[in-house]
Amino acid sequence: MSQEFLPDDNLSERPNSDSAASEQEVVQITVLGSRKAVLETIHTLYRLGFAAVGDWSPPQRGAQPGQVIRNEK
């Protein structure tokens with residue numbers, strides 16, 4: 001979902017082509033915070049077209065009490 005549009009040289013958006021997608025570097029996104037804040041962030045990223053809610057790992061305990069961590073798969 002996050003690779004649907006790429007800016008071209010004229011800074012306009014165009015549908016992604018196979019050759020452009022193969023040149024992109026893959027990154028992993030991690031969200032860390034309270035359970036509520038993490039879930040709200042994931043929902044916000046979904047609304048922005050970044051990743052589906054189901055694309056995230058299950059919540060894991062963070063280093064601090066009350067903290068969870070989730071990774072985008």
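Okay, let's start with one residue, Gln60: it touches Gln67, Val68 and Ile69, leaving out residues up to four places away in sequence. Before I go on, please keep in mind that this is a predicted model. So where does Gln60 sit? You'll find Gln60 in strand E4. Its bridge partner in E5 is Ile69, so that contact belongs to a strand pairing, because strands pair where bridges join them. Gln60 itself is partly exposed, at a relative accessible area of 45%. One more thing about Gln60: Arg35 is 25 residues away in sequence, and the C-alpha to C-alpha distance between the two is 9.7 Å.

Let me step back to the whole chain. There are 73 residues, and 18% of them count as buried. You get two helices and five strands, and going from the N terminus the order is β-β-α-β-α-β-β. The accessible surface is about 5,600 Å², with 52% of that belonging to carbon and sulfur atoms. If you take contacts with a separation of 6 or more, 41% of them are between residues 24 or more positions apart.

Now the sheet. Which strands form it, and in what order? Three strands make an open sheet, in the order E3-E5-E4, and the pairing is antiparallel. At the edges you have E3, residues 30-34, and E4, each of which pairs on one side only. In general, strands of a sheet pair through backbone hydrogen bonds, parallel or antiparallel. Here, E3 and E5 pair over five bridges, in the antiparallel sense. E4 and E5, with E5 covering residues 67-71, are antiparallel as well, over two bridges. The hairpin of E4 and E5 has five residues between its strands, and in it Gly66 takes a positive phi near 80°.

What lies across the sheet strands E3 and E5? That's helix H2, running at about 140° to E3.

H2 is also where we find the salt bridge, and the structure holds one. The partners are the side chains of Glu40 and Lys36, at 4.0 Å from N to O. Both residues lie in H2, four residues apart, so about one turn of the helix. Are those two buried or exposed? Glu40 is partly exposed, with a relative accessible area of 43%, while Lys36 is exposed, at 60%.

Okay, on to the inside. As a general point, nonpolar side chains tend to be buried together in soluble globular proteins. Which residues make up the largest nonpolar core in this model? There are six: Val31, Val38, Ile42, Ala51, Trp56 and Val68.

Take Val31 from that list. Its bridge partner in E5 is Arg70. Skipping neighbours within four places in sequence, Val31 is in contact with Val38, Thr41, Trp56, Val68, Ile69 and Arg70. Several of those names came up a moment ago in the core, among them Val38, Trp56 and Val68.

Then there's Trp56. Where is it? Trp56 lies in the loop between H2 and E4. Trp56 counts as buried because its relative accessible area is 3%, and the cut-off is under 20%. Again leaving aside neighbours within four places, Trp56 is in contact with Ile29, Val31, Ile42, Leu45, Phe50, Ala51, Arg70, Asn71, Glu72 and Lys73. If you pick out Ile29 from that list, Trp56 and Ile29 are 27 residues apart in sequence, yet 9.3 Å apart in space, C-alpha to C-alpha.

Next door in sequence is Ser57. Ser57 lies in the loop between H2, residues 35-47, and E4, residues 60-61. Is Ser57 buried or exposed? Ser57 is buried, with a relative accessible area of 11%. Beyond the residues up to four places away, Ser57 touches Arg70, Asn71 and Lys73. Arg70, Asn71 and Lys73 also turn up among the contacts of Trp56.

So, to wrap up, here are the bits to look for on the screen. Find the open sheet in the order E3-E5-E4, then H2 lying across E3 and E5. After that, look for Trp56 in the loop between H2 and E4, as part of the largest nonpolar core. And finish with Glu40 and Lys36, meeting in their salt bridge. Thanks, that's me done.

Methods
Residues are numbered from 1 along each chain as its sequence is written. This is a predicted model: local features need pLDDT of at least 70, side-chain atom pairs count only at pLDDT 80 or more; totals for chains, interfaces and linings use all residues. Side-chain values use heavy atoms; hydrogens and water are left out. Buried means under 20% relative accessible area, exposed over 50%, partly exposed in between (1.4 Å probe, protein chains only). Contact means heavy atoms within 4.5 Å. Accessible areas come from the Shrake-Rupley method with a 1.4 Å probe; for residues, only the protein chains shown count as cover. Axes are lines fitted to C-alpha atoms, for helices over the stretch in contact, and angles run from 0 to 180 degrees between N-to-C directions. A nonpolar core is a set of buried Ala, Val, Leu, Ile, Met, Phe, Trp, Tyr and Cys residues joined through side-chain atoms within 4.5 Å.
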